[in-house]
Amino acid sequence: MPKRTDIKSIMLIGPGPIIIGQACEFDYSGTQACKALREEGYKVILVNSNPATIMTDPEMADVTYIEPLTAGILEMIIEKERPDAVLPTMGGQTALNLAVELSEKGVLDKYNVEMIGARLQAIKKAEDRQLFKEAMTKIGLETPKSILISSFDEKDKAIEHIKFPAILRPSFTLGGTGGSIAYNIEEYNANLRKALELSPVHQVLIEESVIGWKEYELEVMRDCMDNVVIICSIENFDPMGIHTGDSITVAPAQTLSDKEYQRMRDASIAIIREIGVDTGGSNIQFALNPDDGRMTVIEMNPRVSRSSALASKATGFPIAKIAAKLAVGLTLDEIPNDITRETPASFEPVIDYVVVKFPRFAFEKFPEADTVLTTQMKSVGESMSIGRTFKEAVQKAIRSLEIESYGFEPVKADSEEIKAKLKTPGWERIWYIAHSLRIGMGIEEIHSLTHTDPWFLYNLKQIIDMELEIMAIAAGIKKNKSLSLAPYLMPPDLLRKAKEYGFSDRRIAGLLDIDEKTIRQLRKNTGINPVYKMVDTCAAEFKAYTPYMYSTYEKPFYRIEDKKIGKSEDKNAKTSKAHNFSTSNPLNFKPQTECEARPTDRKKVVILGSGPNRIGQGIEFDYCCVHAVFALKELGYETIMVNCNPETVSTDYDTADRLYFEPLTLEDVLGIMEKEKPEGVIVQFGGQTPLKLAVPLEQEGIRILGTSPDSIDMAEDRKRFKALLHKLDLRQPESGTAMSVNEAIQAAKGITYPVMVRPSYVLGGRAMEIVYDEKSLKEYMRKAVKASPEHPVLIDKYLEDAIEVDVDAVSDGADVIICGIMEHIEEAGIHSGDSACSLPPHSLPAEIINRIREHTKALAKEINVIGLMNIQFAVKGHDIYILEVNPRASRTIPFVSKATGVPFAKMAAKVMLGISLEEAGLTSEIELEHMAVKESVFPFDRFMGVDPLLGPEMKSTGEVMGIDKDFGRAYSKAQAASGNTMPLAGKIFISVKDKDKQALPPMVSKLISIGYPVIATRGTAAYLRKNGIEVEAVNKVLEGRPHIVDYIKNGEISFVINTVTGAKAQRDSFSIRESALRHRVTYTTTIAGARAAINAMELVLKKQISIRSLQEYHQKSKIIKTVNREK
Amino acid sequence: MNDKERYQITTEGDRLVFTTVFFRAEKESMLYKGIYTREFSSMLFASMVCALVYMAIDRVNYGTGFLHIPVIIIVFVIVFLGSRKFLFCEKNIEVIFNKADNTVSIIRPVFIFRRTEKMPLDSISSVVAGSKKFVPENIDGIRFVEKISAQHGSFVPGLGDEEEYVTLSLKLSDGTERIIYAVRTDDEPDIPLKQIQRFLGIT
C-alpha cells in the first residue's frame, strides 16, 4: 500500500524533559521518526521542551519549537502551523496524554488535524484499565482480578474483592508513577490517596497481586493491512512486583518453553488487533505463574516505549522508524531493513546472542528515599550489554554500570541479613544472590526467597563456581608466596573459560590479588582476545551492511587446527594437544572464532560515549557525542562510537559508521582500539566516563584528540590549578585541606565562615555541605566524613549571595570563542546542574561580562584547550572568582547551541581534528535578540519523604528550556515546561530564613501590587509588617491548626516560597514542601528563584506568551561584529 | 576431470595451468548439506521455467490441451540439462602461473561470474602443503543444538563431526596465503605440490 498523499505535514510531540520513567529513549525514537517522515517527503513540525536532544536540532525537523508541552501551547502551534496530522506515539506517555487532551478538547477537530499512529479509541482502550480488561476478556485472555475505582469512598468495596497484598495502578501515568503494593489496610489507604491524586483521570486499578510470577514483554508491530510481527521477547530476571524499568531484563526470553512462547505470541497478535493499534508498535506485558503455567496480560503500551528502544538496540530493528512509516500508510513488506538491505520489515528479527539490560539507580543522591523496588520506577538510567551467553552478558552489563563493580564482588552481610535482602527487592539484590550462592545457599532456597527463575540462578552459580576455581589458584599463590608467578599459575584454558563467562580482567585480577595489566598481558600472550560479532537482525542468515558490533569470548563450535608441512612452517604448527601452558611458546592454545569486525583502511576516529544515564551525566553528553560523529563524518573520517546506553541516539546503528555496544572500561575500550587502530580517540564529549579513561589510554599509546590529558590534569589538580590562577592573577575562593577535625576547624577559621566542605574522594557534589559555624562543622566531620591523609576533606570559602555564572567556550589553541555566558538564577551554592540559568545574563553589568570574557580566554590559552571548555565563575559585587574549570564539553552545551543556533559540539570536534575555528566558520560570538532560560527538572515526586531543598549536591534528572523575547516570559515558559506553572491568581505563601528576609519587602510589594494576596508564617509576617507591608499570618505546622499544610491541601495556595537554614528548621518545614509537591503547587526554595518567579509572574500578567520556532529565532540572531579573538 | 582426477595440470611452455573444483577448506553448511546438489537445483529451476512456459502457453491458447504435456517435458529436459551444465555447473578455480610475463592469476568463481586476482610471480614465497582440521570444540553447544533440533523432530547432519582437509596453498611475501586446493582426507589424496614447486623452481 503506498504512503498517504492526503497528508503533507505532521506534528510530532516530544516527551519533554528527562525524568524517571521517561528518559532519552524518546529522543532516539523522535529522532528516528523525524528522519523517517522527512525521508518520505513529509513536512515535520516538532514540539519539545528539552533542549538537550538531537530531535530538537534545527536540522532534524522542518520546523522546531522548544516550548512547554501544554495543551494551550500546542494549540497555538497547531493554529500557526496547521499540520494535517499529529503523531503522538513517539513522545512517550507525555505526548500520548497531550494528544488525548487535544482531541478531547476538540482542538484536533477544530483545526482538522488527524491523529496518526494510534487512534484515540485505541489509546483509550489500552490505557483505560477497565476498557483494557474488558477487551482482554472479550478475546479470551486472562487479566489479574481487579477493580477500578474513581474515588476514595470505593476503597472498602475494592479491597474486599481483591484481598491483600494488592497492587495499586493509577491510570494514565508514566513509569508506574503512584503505583505501589499494599500489604495492609494502613498502606492501602495511604497509597490509594496518593495514587488517586497522581492519576490525571483520578482512576486507580486495585489489582490482584501476581508477585513472584515470571514477567515477560513482547514488542509487536502491526500495519494497516493487518500484518503483525513480533520484534523481540524480553524476560525479566526479577519476578513480578518490580517495575520493568527497574528490573534486570534479558532478551530473548530464556526460560520459556516453545509452547509457552507460541501462546504468548498468539496472545500478543490477538491483543494488538483487539485494541486496534493499526499502524505502529506496541509493548505488551505478561505474567506467567511458574507453578501452573497460568498466563495473564498485565498491560499494553500503544506507543513506542522504553522497551521498544531496548528491543530496537537488542535486535537492530529500528522500531520507531518503522512505526513512523507505518503511521503514514506504508506496510511492513514495503519497508526495507537497512541492516540486511534485502529483507523487508515484515521479516521478524532473529537474534543469536543474549542481551541484558541493567538499571542504574541514584539512591546515593536521596538517602532518605525508600530503596525497596516496587511497581513505581526508581532507576535513572540503564546499561545494556550483549554476549553469547547470559553469563557473559550479565557480567558485561554490571561493569557497564560504572558503579565500581566489575563482577559479583562479595557483600558484607551475615546470613540473616542476606535472607532479608533476598526477600525484599532492592537494586543490589543480584549481588546478594551471588553471595548467597558463594556461602553455600541452595538454588531452591534462593528461589523461594526471590522467585527468580532457577535457570538464572544456575547461571549465577556457574559464575560463582568459576570464581571459586580462580580463588583456589589465588590461595596457592599466597601459600607459596609466589606472586610473581601468579600469571603462570592461571591455566590458559581456565582463563579462557572465565572470559567466556564474562569475567573482566579486573575481576580476575582482583580474585588473584594481582593487577589488571598482568591479566591483560597473560591474555594476550595466550592469544585469548575478544572477537566481535555483528548485530544483524537475522542471526547471520543474510549479509549485514551496518557494522553494529559486540565483543565475545565465545567458545567456537569447531577448533581449526592448521598444520603446515615443510621446514620453515613446522615451527608454526598448532595442535590441539598443545593446551598445556608453556612460557616458551604461549601461543599454542588458540581456538579460532570468526571475528566479524573487519576494520577498514579508512582514516578513523573513536568517540567514547557517556554510558548509562545518571544524575550529573545525562543526555547532554550523548548530544555532544552525536555531534562529534556528525562533524567527523563531514571531515571524511570513519566514525566509531563506543557506548553501552540503549536509550541514546549515539547507539543508533545509523549514527556512527561503526558502533561497538560495549562497556566503557579500559579493558573493553582497548580491545576495540587494538582491532580498529584509529588515528585517535575523543574523550571530551562523554562526560566523566571517557575522561577518566584518558590517562590510562594515553599510557597504552592511544592518541587522545583535543585537550591533552596533562592539560585536563592541570585543571583538576587543586595545586596545579591554584598555581595557574596565581600566574594569571585570577581570584579563587580561599580554600584549605584538612586531614582531621582539628585541622578542619583551623582551616575554616582561617578562611572564615561560611565554608563549603566536601570529601576529596567523591564526585558530583556528593556529601558537600555549606557550614556556617564551628558547631556545624564538627557535626559534619563527625557524621558525614572520615577524614584521613588518604581521604582529606576540602574546605572552600562559601561566597554568600554571589551570582554564579557558567561560561562555555571553544578554542583551537590560537583563538577562543565564547559560546555562551549564562547567569544562574539561584545563588552560588546550589549545584550548577540544578540551578536555572539565563542566556544571555539577565542582570549582570556589561563590565562584569567583559571581564568574564577576558578571564575565559586567558584560562583557555594557558591550559591550552583544544575543543570545548566550561568555567564556573562566582560574581560577588565587583569581584569575580573562578570556581571550577572543566576542559571538556559541559551539560550546558546543547542548551547554548539551541539558544544561539550554532552547533558548538560539532565545531569543537572539528577543531580537535586540526581545523581552525575560522575554517570551521566560527569567527565571533553570537549576540542574541531573545532570552533563553534553562530550568532543571527534579525527581522528588518519585521519592516521597525526600526533601526537595536544593543544595550543592546535584539532584535533577533533566532540563527544559524557555525561549522568548524577554527574561520574564522565557523564565515563565521554562517553569511551565518543568511542570512548575507560574500562577496567574491565588494566594502566595512565604516563609523564609532570617538571612533572606531583607530581600522580601520589594518582592512582596510587587506581588501585592500585581494582585496576589500574600500569606506568611508569623516571623516572616512580622518582619514584613515592620517594613510597612500587611500580610495574613498563618500557623507553622508545629503551631497548631489550621496550619499552612491545611491551606495547601485545601487548594488555597498557588505558590510557595520557602527557604530554610539549619537541620531543625529544615525538619520542621519539610511537610510544607512535601505537601506542595504532592498537591502540585508551584514552589521555590531559594530567594533568587522567588525573585525571578515574581518578575515572570508580573510580565506574564502584562504580556501575552508568544510562540516562535527555533528556526525563526536563529534567523533573527545576528553576529556581533566586534571580533573577540586575540591573535 | 573425474572424481579420481580431482585436479588438472597443463603445462604449455612458460605457463602452468592448475584447475580444480576442490578448493574450499570450510566446514560444510550443516542445514543444507547434501540437499542442494547440482541436480536438485537444476530440477527446481527447470520446474520453475516449465511452470512459466505452461502459463504462457495457457494464456496464448486460451486454455490447455493435450499437446502441452510433451512441450513441457521437452522444455524440462532441455532446461534441466542446460542449467546443470551452465548455471549450476561445478565451480572450479583456475590458477595460471605464467613465467613469460612473471604473473600468477587466480581465477575464482563468484556466483555465475569469475573474479581474477593477478599478482607478480615472485610474490609467491613458497608453495605449501598442509592440513586444516575442524575439531569439535564446544561440545556443550553442539549437544544443545542437537537437543533443540531433536525437540523439533529433526537433526542436523554432520554437526559435531570432525572434518579434515589436505590443502595446497601459495604463501605470499606479504604473509597472506591463498588456498588453491583442498580435499577431504577420507581417502588418500594426491597433492600436486612437487609439480608446482618444480615449475616455479621453489623447493
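A:Asp947 is buried in this predicted model, because its relative accessible area of 8% falls under the 20% cut-off. The residue is placed in the loop of chain A that runs between strand S34 (931-937) and strand S35 (958-964). Its side chain makes a polar contact, at 2.5 Å, with the side chain of A:Arg1073. When neighbours within four places in sequence are left aside, the residues in contact with A:Asp947 are A:Glu368, A:Phe940, A:Lys955, A:Gln1066, A:Phe1070 and A:Arg1073.

**Salt bridges**

Side chains of opposite charge can pair when their charged atoms come close. Over all chains, the count comes to 82 salt bridges, and three of these pairs, each within chain A, are set out here with the distance from N to O.

| Pair | Distance, N to O |
|---|---|
| A:Arg4 and A:Asp6 | 2.8 Å |
| A:Arg129 and A:Glu299 | 3.3 Å |
| A:Lys214 and A:Asp453 | 3.0 Å |

Where do the partners A:Arg129 and A:Glu299 lie in chain A? A:Arg129 belongs to helix H6 (residues 129-138) and A:Glu299 to strand S14 (residues 295-301), so that the salt bridge links distant parts of the chain, 170 residues apart. Both A:Arg129 and A:Glu299 are buried.

For the pair formed by A:Lys214 and A:Asp453, the lysine lies in strand S10 (residues 214-222) of chain A, while the aspartate lies in the loop between helix H15 (443-450) and helix H16 (454-480), and therefore the pair ties together parts that are 239 residues apart in sequence. A:Lys214 counts as buried because its relative accessibility is 10%, under the 20% cut-off, and A:Asp453, at 14% relative accessibility, counts as buried by that cut-off too.

Salt bridges that share partners also join A:Lys3, A:Glu39, A:Glu40 and A:Lys325 into one network.

Is each partner in the salt bridge between A:Arg4 and A:Asp6 buried, partly exposed or exposed? A:Arg4 has 22% relative accessibility and therefore counts as partly exposed, whereas A:Asp6, at 52%, is over the 50% cut-off and so counts as exposed.

**Contact between chain A and chain B**

The contact between the two chains takes 14 residues from chain A and 25 residues from chain B. About 1700 Å² of area is buried between chain A and chain B, and carbon and sulfur atoms give 54% of this area. Strand S19 (residues 558-565) of chain A supplies eight residues, the largest share of the side of chain A that touches chain B. By class, that side of chain A has six nonpolar and eight charged residues, with no polar ones. The count of salt bridges between chain A and chain B is nevertheless zero, and the count of residue pairs in polar contact between the chains, with both residues at pLDDT 80 or more, is three.

**Confidence in chain A**

The mean pLDDT of chain A is 89, and 94% of the residues in the chain reach 70 or more. Over residues 566-591 of chain A, however, the pLDDT is below 50, and this stretch has 34 contacts in the model beyond near neighbours in sequence. In residues 1119-1127 of chain A the pLDDT likewise stays under 50, and the model has 25 contacts for this stretch beyond four places in sequence.

Methods. Residues numbered from 1 in each chain as written. Chains lettered and ligands numbered in written order. Heavy atoms only, no water. Contact = heavy atoms within 4.5 Å. Buried area = accessible area lost by both parts, 1.4 Å probe. Salt bridge = Lys/Arg side-chain N within 4 Å of Asp/Glu carboxyl O. Polar contact = N/O pair within 3.5 Å; in protein donor to acceptor, adjacent residues only side chain to side chain. Helix = DSSP H or I, 4+ residues; strand = E, 2+ residues; numbered from the N terminus. Nonpolar A, V, L, I, M, F, W, Y, C, P; charged D, E, K, R; others polar. Buried < 20%, exposed > 50% of the residue type's maximum accessible area, 1.4 Å probe, protein only. pLDDT = per-residue confidence, 0-100.
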